[in-house]
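Biologist: Could you take me through one part of this structure slowly, as you would for a first-year student? I would like to hear how a pair of packed helices is described.

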Amino acid sequence: MALQLGRAGFKVVVLEKGAHYKKDDFIHDEILNSRRNFFMPLPWDEPHLVRRGEKEKYQRTNTAWTANCVGGGTVHMSGYFYRLKPVDFRLRSQLGAIPGANIADWPIHYEDLAPYYDLAEEELGVSGAMVPHPFAEPRKKPYPLPPLKEHPIANEVDAACRALGYHPLPTARGIISEAYRGRAGCAYCALCGSYGCEVDAKSGTNSSLIPAAIATGNVEIRARCMARMIEVDTTGKAKSVVYLDADGVAQEQPAKVIVVSCTAVESARLLLNSSSSRFPRGLANNNGLVGRNLVFSSFGESRATFRLKKRGQSWPWLSDPAPFVQRSLQDFYLMPDNRHGFRKGGTLGFMFTHPNPIFASIRIAGAGKSGIFGKALKDRLREYRDSKILQFEIYGEFLPTAGTYVSVENGVKDKYGIPVAAITIDRHPIDLKMTRFLVERGEEVLTAMKPDSLERVGDAGETTILQHGTCRFGNDPASSVLDKNCRAHEVPNLYVVDGSFMPTSGGVPTTLTIAANSFRVAHALVDKMKRG
Amino acid sequence: MPRRQKANRISRRVFIQRLTFFGGGVVLIGAACKRDPKNDSTAPGKPDASAEHLTFSPEEYALVAAACDRVVPRDEDPGALDADVPVYIDRMLQTVEMRKVRLEFLAGAAALDRRSKRMFGKGFAEATPPQQDDLLGIFKDSPHGTGEAHWFELLMVLTMEGLLGDPSYGGNKDRVGWALVGFGTSEPPPNYSGSKHLHAHGGH
């Protein structure tokens, strides 16, 4: 958004609550990246309150925070860059009403977004291969970069899938496989998700769009500036952003147009905290929908362990350190009928487990009565050393329910003194049936590879860093917050361009979709501003 | 404000236990941090020049070393003591993020010692390895939410961080922890200090 506005000659100020890290700040240190507040705030400084259902008490957590820094979640993402499919834009008309689920068609079609998918893939840098596939979404151009190198186990995943009648496809990645636009290609270091990329090969906006935006000369990035509220003028237009600067001093930045993009949870929080006499329930919230219809992504996972010594003969390549498996299954994206209790499914992504050793070892040690220590623990750690662990993750539809939403809790404030976001989750039972079904299909594939052990990690979870829906877009101002160009129905110069606009989650990680949509919205906004 | 303290304790527990979507495991441990050390009324007195350790008294250090040694004992492969895990814990508990954890950890260690004296008539560090295992097992198996169970979790988490974390924090000496689990990915630059880096660049 900032890039396209800057290119068009408009002056843009970007306020970011976290730091502006450079690639040299990204270090292979698990304690720094994954276990302290380098990326995520501490939950007692800036909690997200979370509860399962309105009867439960809130807990202070860091759930649903993405990295607090310039580039946000794209800095420490794994970079699975799938597109949505045409059905994702038409869930209500394709599936009909689902009791207890507030699904809606999008006010745009896949074809409206497709050119911006092309553009986003080009600007960010995406590596992948187009393969013919019965469930493939239409695309006009090949990926800008060839696929990343794969571990030989990918061939075994393919064979196992095909033997079961499924159609494996290579996973496109927001990681550049070779030098691209002044950035170096991937070094295959294996510390990708949860880390920033020290060679700029990962296509986070911090490595791609933001440097390009700064280079236009029209975009200023102000790091460590925490937006507190958006002020409105007497006519109800957004006037300025009040924020705390790096020294904690309150500042006010006036603007002709204000674009909010803090993640679906935090954007809703900012709007809800921006109350005024004109908008007593929060900015653009006179219909009470800001924060409602929160959707994450349904999550499940299983792991297959292959012991290196045992497999040395048959699979001599197993110990190859290549980090990427790059395989997906989308055979269960949309089921032809309801015989398994759901129609809309999602994607299975196959990968090796993350190599972070502290995380892995604490998990192995367990806790409570089933926890182990001493010799038993050490033996398990040695087994881990002798293992290659292949897993799949589910990215499944997450049906919007009346009981899943973001609110603000005035009694609980963060270290800035701002009321925090409170998340209430009430899952739709269909999601759980669907996720379990997908996990079972993934386990069929893993079982066909004859692993030494198979473990189900979860089949009823949600990925809370993939977040959407809190300011859903639509044509009807009574049932949506934003119009089809992501402009607030109630505030003519206010836009929201993170995942908030999405009324349904889709069955893939949505990073690329959010980027593509912001290019689409930028195009419309630039047009409108040029026309005056 | 006891209620507030309890809420913070819960959030630390949530952290320690939570398995996250990122395989990388965004599972922080740490404590309420106001970044002004002057307000740190709980900070230990400045260690006197003769003191060997930053956080622990010699007796506490001996207890922590004995406990770490039972969690990851030396056998044909190096154990927690070979990795300097107690050095790591001693240093890490000085960081501002760990201020509240420091208090909880010291209180738990004292409770372990008391229990040892009650059961075996001697401090934990002097108990035999099987007696130490019994005591640690009691703490580990204590009901969820008790101070004992919480302390064992802290011990486990800090031991694993000290065994498998970046050597600049004082543990994982000669990378023996990484060798134990077969972690071979590239490591930080030579003069890197994790604690300094966090405080120079991070900290939300």
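Modeller: Happy to; here is a close look at one helix pair. First, this is a predicted model, where local features need pLDDT of at least 70, side-chain atom pairs count only at pLDDT 80 or more, and totals for chains, interfaces and linings use all residues. Residues are numbered from 1 along each chain as its sequence is written, while chains are lettered from A and ligands numbered from 1 in the order in which they are written.

Two packed helices are described by the angle between their axes and the distance between the axes. Our pair is α9 (residues 357–365) and α10 (residues 375–385), both of chain A. Helices here are DSSP runs of H or I with at least four residues, numbered from the N terminus. The two pack at an angle of about 135°, and their axes lie 10 Å apart. Axes are lines fitted to C-alpha atoms over the stretch in contact, and angles run from 0 to 180 degrees between N-to-C directions.

α9(A) and α10(A) are therefore oblique to each other; angles under 35 degrees count as roughly parallel, over 145 as roughly antiparallel, 65 to 115 as roughly perpendicular and the rest as oblique. Their crossing is right-handed, a term used when the near helix is turned clockwise from the far one by less than a right angle.

Who touches whom? From α9(A) come Ala360(A), Ser361(A), Ile364(A) and Ala365(A), and from α10(A) come Leu377(A), Arg380(A), Leu381(A) and Tyr384(A). Contact means C-beta atoms, placed from the backbone, within 7 Å.

For a setting beyond this pair, chain B has eight helices and zero strands.

Methods
Two residues are in contact if their C-beta atoms, placed from the backbone, lie within 7 Å.
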